[in-house]
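Colleague: Could you take a close look at one strand of this model and its pairing, and then carry the description on to the sheet elsewhere in the chain? Please state the cut-offs behind each term.

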Amino acid sequence: MKTRTYLLLMLAAIVVPVAFLSLSGLYMLLQSERESRIQRVAEIAHSTSLLIDSEIMAAEASIRTVVNSPSIQAEDFAELHRLLSATRTSPLSWTMIADYAGKGVVNTLVPYGTPLAVNSGSWAAKAYDAQATSVGGYFFGTRSKRGVVSVNVPVPAALGKKYVITQIFDPHYFNRIFHKNTLQAGWIIGVFDANGISIARNVNADRLVGSRVNPALYGASRQGTSGMLRHMTRDGVDVYDVFVRSALTGWTVAIGLPVAEVEHAARVTTFYAALALLSVLGGAVGIAVFVGRRIDKSLRDATSAAQALAHEKMVPVAPSRLKEVNTLLAVLHDTGLALTQESAARVALEAERERLLANERAARQQAEAQSEAKDHFVSMLSHELRNPLAAISGAASVVRLPNLAPARKEKAWEIVDRQLRHLTHILDDLLDVRRVMSGKVTLQRLPVDIGEILGLCCQARMMSENGQHAWSVATQEAWVLGDRTRLEQVFDNLLTNAMKYTPAGGTITVRNTVAGSTAVIEVSDTGAGIEPEVMPFIFDSLTQGPTTLDRAQGGLGLGLSIARGLVHLHGGTIGAHSQGLGSGSAFRVCLPLAGADVAAPASQPAADATPARSAPPDCAHRTAPFPP
């Protein structure tokens, strides 16, 4: 048996149960859809029954008012006729008063005084003796000469007046109730009484009202107050008939839903489902045939390689997509290469040696880079310490001179004081970068206005440089929860860098804005710019921009590292952008506005209180400009 045959058998073993389960699920779905549709019809039938009951109860309430009126006790039938005629609301409904013998006394269908039926049967005596409201079935009215139904209310026996007041309805009266519910075209709705006589109907009413309903429907309505059955209507329509029997009137409301309408959707759904299933099966068979051919080709290639190996030949075979076949081809190939094993081993040893040499060179270069960074830092630190110490030493020598003018002595002390502050700043930077990196900085978190702090820092820097640069400052109120001193330190570092690397006459632009729940601070300049290879490390310790031989800018390369650490401790981010040397640079700081993160205590070690957060997209390191 070929491999393709096995694959087809496996496919059949998988697809057949899946298809069976799919068909079963489809059948269950169709059953559920059918039941859901019938349930909606049942709700409409129940609603219609309640509407009819409400009409009957309204009629009973109206009659009760007349029963207890003084006109009944005084037997003033003319006044009763006038009152009942005045309250008549529909030509399809009227009121009659009959005595105990069934003789009509008042009928609002005709003018008062018109002769009425002398004896219409024992119905009045039965209604009066029962002393309870009764709802009659379908009967033929002697005065109206048409089929009607009635609601009979006896006068209380305590009044001593043996009369029955009847509200009579033409069956067409209930057609307006049918229209209150949304009935689709083709639905058949009808009402029949406790004897199975049709009272009202929306289809063929003239022909079928007054006749008996389908015996199967009538029998089902006698067995339960509600239900559903499938039968053939008197119109010859096969329907699902949903019925509800009223406990108040004994009447039954039945709505027939044509079977063809319900089953049509099922047939359409089944057709498309079968079409989709056949498409899936056809696709599966096609894939199986395609894969089977690929497997056959791979096995034929493996057979050719084995036959060539028997003749000590090497046949190049393209790798297949079958793991097992590839394994077989690899074994055959390895066997064929047994004669060249020694050469392959030498090549492998040479490759290993080259790899080890490359690793050794990379390790040496890394060590040299670390040593160079250390030497560079020591050189910078020595230079930064030497200049203020030399100035202090020179000032001390001047102070020791005899007969030194007070002005010169004061000048010397100013030099000493300035250089000591410079030394203190260097030591503070060294300590700050260590504390920030180890997470031991304590933040005094209070609500602060970023715009105010940024404006004050800019004013201080502009005063200190005596107009060497053109400043553009635009600030606005933006409150964050932060340490004012540390935020000033961040802004001072950014402003100092901008002043340091921007030549005289250049422009420094400072602004802060609010973007959503974030305060954004931007500092840009037209200075030296940042090299692309330096950009990824610009916030690392000991990293500086371009310097000249005289080190006019000074500094240890710690400012941006400290700034980044402090911004992260505030839950914010910092980023930089530059087009390259000579193109200036831009720095952006993003901080959450006050209220976005107020769960941390006011003062807590930063390592616990303010963990670093992921950077918003606009504040990460960028190669493209920041958006305006």
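**Strand β10 and beyond**

Modeller: The residue in β11 that serves as bridge partner to Val244 is Val253. The model is predicted: local features need pLDDT of at least 70 and side-chain atom pairs pLDDT 80 or more, while totals for chains, interfaces and linings use all residues. Numbering starts from 1 along each chain as its sequence is written, and side-chain values use heavy atoms, without hydrogens and water. Helices (H or I, at least four residues) and strands (E, at least two) are DSSP runs numbered from the N terminus; two strands pair if DSSP finds at least two bridges between them.

Strand β10 spans residues 238-245. Six of its eight residues are buried, so that the strand is mostly covered (buried means under 20% relative accessible area with a 1.4 Å probe on protein chains only, exposed over 50%, partly exposed in between). β10 is joined to strand β11 (residues 252-258) by seven bridges, and the two run antiparallel. Six residues separate the strands of this hairpin, and among them Gly250 adopts a positive phi near 80°.

On the other side in sequence, strand β9 (residues 226-232) is likewise antiparallel to β10, with seven bridges between them. Here Met232 has Asp238 of β10 as its bridge partner. The hairpin of β9 and β10 has five residues between the strands, where Gly236 takes a positive phi near 80°.

The further sheet is open and holds five strands in the order β14-β16-β17-β19-β18, with mixed pairing. Its edges are β14 (470-474) and β18 (573-577); each has a single partner strand, so one side of each lacks a neighbour in the sheet. On average, neighbouring strands of this sheet are turned by 15° against each other, direction ignored (axes are lines fitted to C-alpha atoms, for helices over the stretch in contact, and angles run from 0 to 180 degrees between N-to-C directions). Within the sheet, strand β17 (residues 518-525) and strand β19 (residues 585-592) run antiparallel and are joined by eight bridges. Pro592 of β19 stands opposite Thr518.

Strand β16 (residues 507-515) contains Asn512, which counts as buried at 2% relative accessibility. Beyond its neighbours within four places in sequence, Asn512 is in contact (heavy atoms within 4.5 Å) with Ile450, Gly451, Leu454, Ala474, Thr475, Gln476, Ala478, Val520 and Ile521.

Helix α13 lies across β14, β16, β17, β18 and β19, and runs at about 25° to β17. This helix (residues 484-500) also meets helix α14 (residues 559-569): their axes come within 9 Å and cross at roughly 145°. On the α13 side the contact is made by Arg486, Gln489, Val490, Asn493, Leu494 and Asn497. Gly559, Leu560, Ile562, Ala563, Leu566 and Val567 contribute from α14.

One further residue offers a contrast in setting. Thr87 is found in the loop between α3 (77-86) and β1 (93-99). With a relative accessible area of 53%, Thr87 is exposed, whereas Asn512, at 2%, is buried. From C-alpha to C-alpha, Thr87 and Ser62 are 9.2 Å apart in space, with a separation of 25 residues in sequence.
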